[in-house]
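This report describes a protein–DNA model for a reader at the bench. Please examine the sequence and the structure shown here before reading on.

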Protein chains: 2
Amino acid sequence: MEVLGGRWKLAILKQLLGGTRRFSELQRALPRITQRMLTRQLREMEADGLLTRTVYREVPPRVEYALTEAGRSLDAIADQLDTWGRWYRDTYRAGAGGAEEGPGEKRPAGAAGAP
Amino acid sequence: MEVLGGRWKLAILKQLLGGTRRFSELQRALPRITQRMLTRQLREMEADGLLTRTVYREVPPRVEYALTEAGRSLDAIADQLDTWGRWYRDTYRAGAGGAEEGPGEKRPAGAAGAP
DNA sequence: CCGTATCCTAAAGGATACTG
DNA sequence: CAGTATCCTTTAGGATACGG
């Protein structure tokens, strides 16, 4: 949780799972993050070894971010968190009525009776 | 991440995956959490629909916590996070040398080339 | 036994302006 | 384009003491 715990890290991870992205591309994909936060979360993830940052000294400058092996190894988890999150939101926030009888229908795959 | 994001929630979840627990049992299992934090995280998880809180008005009082379906549905994810966390720690913090050539050996199951 | 109440620090997150 | 620099608010987390 220390490594994934940022407000935006999962979203960034998801973007980078789609391939290398440059700073401005990430900004466009995540319209509500501020420049400062994007920079900070990216630097933290770099420090944690989840991604690499490559600076191309051109004009205009270009910086590319790509996942490391460690970052890519979070693929499955990120995916499951994403799926669970959607299920949870749809089940508990959906029709305001929400979980009147507990989650029973479209449960995330494999999480039914547990083990 | 909003739902799982507490410092202790994953640990609490893990305990409750083992069955119903009372307050003092959780405290003993998580020696470094303060009473206040345990109470708070439990109440948040209850509000999020992850667990139920049952009060038995006896002397001395007894309060039992149990996961809901939603809580139990996090089983697989909690497990994977746990596994990844250990792998990450062992790989990146282990011999101080750490990830000299990127994670290559005991990668968490199924997260290799990524499907 | 199972909490509340108080008080406090630190970390996270953000708005806004400026820059190599 | 891809950041820094400031300044500020909010939330998380914790230590300690007290109570039904």
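## Annotation and basis

UniProt positions are given here in the numbering used for this structure, and annotations in that record may be inferred rather than shown by experiment. With that caution, an unreviewed UniProt entry places the feature "domain: HTH hxlR-type" at residues 1–93 of chain A. The model itself is predicted.

Within the annotated span, 55% is helix and 15% is strand. The end C-alpha atoms of residues 1–93 of chain A lie 24 Å apart.

## Fold of chain A

Chain A contains five helices and three strands. Along the sequence, these elements follow the pattern α-β-α-α-β-β-α-α.

Of the 115 residues in chain A, 36% are buried. Among contacts in chain A with a separation of 6 or more, 44% are between residues 24 or more positions apart.

## Surface near DNA strand C

How many residues surround DNA strand C? There are 21, and the closest are Arg36(A), Gln35(B), Arg43(B), Arg53(B) and Tyr65(B). On the side of the DNA, sugar and phosphate make up 58% of the atoms of strand C that come within 4 Å of the protein.

Both protein chains supply elements to this surface. Helix H3 (35–47) of chain A gives at least two residues, as does each of helix H2 (23–29), helix H3 (35–47) and strand E3 (62–67) of chain B. The most is given by H3(B), with four residues. Sorted by class, the surface near DNA strand C comprises eight nonpolar, six polar and seven charged residues.

## Phosphate contacts

Side chains from both chains approach phosphate oxygens of DNA strand C. In chain A, a polar side-chain atom of Trp8(A) lies 3.0 Å from a phosphate oxygen of the strand.

In chain B, an N or O atom in the side chain of Arg53(B) is 2.3 Å from a phosphate oxygen of DNA strand C. For Arg22(B), the corresponding distance from a side-chain N or O atom to a phosphate oxygen of the strand is 3.2 Å.

## Confidence

The average pLDDT of chain A is 86, and 81% of the residues score at least 70. Two segments of chain A stay under 50: residues 97–104 and residues 110–115.

Beyond four places in sequence, the model has nine contacts for residues 97–104 of chain A and five for residues 110–115 of chain A. Where pLDDT is low, the predicted coordinates should not be read in detail.

Definitions and conventions:
Residues numbered from 1 in each chain as written. Chains lettered and ligands numbered in written order. Predicted model: local features only at pLDDT ≥ 70, side-chain atom pairs only at ≥ 80, totals over all residues. Heavy atoms only, no water. Near = heavy atom within 4 Å. Polar contact = N/O pair within 3.5 Å; in protein donor to acceptor, adjacent residues only side chain to side chain. Nonpolar A, V, L, I, M, F, W, Y, C, P; charged D, E, K, R; others polar. pLDDT = per-residue confidence, 0-100. Contact = heavy atoms within 4.5 Å. Buried < 20%, exposed > 50% of the residue type's maximum accessible area, 1.4 Å probe, protein only.
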